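Q: I'm new to this structure and would love a close look at one part of it, the sheet. Could you walk me through how its strands are arranged and what packs on them?

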Amino acid sequence: MILHTPVLLNEVCSFLRPESKLIVDCTLGHGGHAMTLLSLAKDAKLIGFDVDEIMLKKAEFRIQNSEKEIKSSGATHHPSFTKEDKKENNNVEEDWGRSRKIEERVEYVHESYANIVSVLEGRKMDFILNDLWVNLEHFKAVERGFSIRGTANLDMRFDTSTWASAADILKTYSTDQLKDMFEHYADFSSAKAFQLAQHIVASRKQKAIITTQDFKILLNECGLWDKACTVIFQSLRIETNKEMDNLKKFLSVFPETLNSTWRCLIITYHSTEDRFVKQAFNALVATWNYKLVTKKAVQPNYKEVAVNRAARSAKLRILEKIN
Ligand SMILES: C[S@@+](CC[C@H](N)C(=O)[O-])C[C@H]1O[C@@H](n2cnc3c(N)ncnc32)[C@H](O)[C@@H]1O
């Protein structure tokens with residue numbers, strides 16, 4: 001199984017209070033963050049969301065077997081524990097034995113994190129983690145149509161039960177809608193985005209764009225090579241999964257779900273996402289009920305980036321409720 005490496009794992013754990021009782025992982029993925037959070041906050045229950053059912057099943061399998069994995073990884077203590085806490089945590093085997101069974105501690109939710117309020121039904125959280133973007137498996141599983149490599153139907157949906165695949169978008173969007181997508185999510189200039197949109201609309205009248213290679217060839221015809229193709233594919237994925245809309249909805253509602261002295265951590269990988277998070281957090285801080293735990297976004301150090309290139313653009317922002 002290809003495993004997604006959790007980004008900024010030590011940093012995320014250092015902001016967890018071990019006494020936390022209710023934790024939300026908005027994007028379980030392969031459960032890397034969730035497993036470690038559960039091992040550190042031993043009395044906590046975790047509610048894990050993922051819109052991708054395949055990820056949810058994999059996370060569940062991994063978390064159920066996590067006692068063994070955590071023991072063998074040697075993750076024995078919380079980075080911010082005191083000496084006494086560390087002494088107490090020296091024997092992981094004993095710790096796991098002492099806590100409730102893992103299957104009783106986790107609730108798996110096949111829903112968008114944007115619907116957090118309705119899913120939680122009034123339950124208040126101590127710690128929320130939202131690690132945005134994609135799982136490594138989305139790119140590696142070529143048949144899901146996320147990658148410019150290999151040939152597959154141009155799908156790109158996290159949740160395959162939703163209507164519009166990436167191919168449906170290329171087939172039905174107007175020139176202006178396509179232009180906006182490339183301008184906002186691929187950072188293309190307005191003129192360049194418009195030219196590309198026009199070319200797509202003209203080409204699709206001649207030949208339908210069905211596979212990843214159909215689209216890549218069309219981009220090559222416009223003088224766009226691998227690096228630019230990757231950015232265009234990324235913009236199409238963001239649009240297919242309504243990633244910015246989901247984030248904006250989440251940012252407008254998550255404070256309702258928080259306990260007093262709770263923390264919300266968001267990891268972004270795109271400048272537009274990070275701008276939305278920064279603006280939403282600053283607006284909450286201005287109400288005097290919240291504070292930023294770190295003034296600047298936390299970023300991975302060079303050692304992490306050297307072993308996990310996917311971490312290179314990550315930015316972690318942390319908000320705390322103070323009353
Ligand atoms: C970066 S991965 C999370 C990795 C995870 N933290 C780990 O340690 O394995 C992002 C995950 O978010 C999921 N996702 C994307 N949009 C979502 C949404 N609106 N609601 C819930 N999950 C979503 C994707 O399917 C993917 O599995």
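A: Let's start with strands S6 and S7, where S7 covers residues 315-321: the two pair in the antiparallel sense, over three bridges. One pair to look for here is Leu292, whose bridge partner in S7 is Leu319. Keep in mind that you are looking at a predicted model.

Now step back to the whole sheet. It is open and has seven strands, in the order S3-S2-S1-S4-S5-S7-S6, and the pairing is mixed. At the edges you will find strand S3 (106-109) and strand S6 (290-292), each of which pairs on one side only. From one strand to the next, the twist averages 15 degrees.

Helices pack on this sheet too. Helix H2, residues 32-40, touches strand S1 (22-25), strand S2 (45-49), S3, strand S4 (125-131) and strand S5 (258-268). The direction of H2 makes about 155 degrees with that of S4. Helix H16, residues 271-285, also packs on the sheet, and its contacts there are with S5, S6 and S7. For H16, the direction makes about 20 degrees with that of S7. That brings us back to the pair we began with: S6 and S7, joined in the antiparallel sense, are both touched by H16. If you trace the strand order once more, S7 sits between S5 and S6, and H16 touches these three strands.

Key:
Residues are numbered from 1 along each chain as its sequence is written. This is a predicted model: local features need pLDDT of at least 70, side-chain atom pairs count only at pLDDT 80 or more; totals for chains, interfaces and linings use all residues. Side-chain values use heavy atoms; hydrogens and water are left out. Two strands pair if DSSP finds at least two bridges between them. Helices (H or I, at least four residues) and strands (E, at least two) are DSSP runs, numbered from the N terminus. Axes are lines fitted to C-alpha atoms, for helices over the stretch in contact, and angles run from 0 to 180 degrees between N-to-C directions. Contact means heavy atoms within 4.5 Å.
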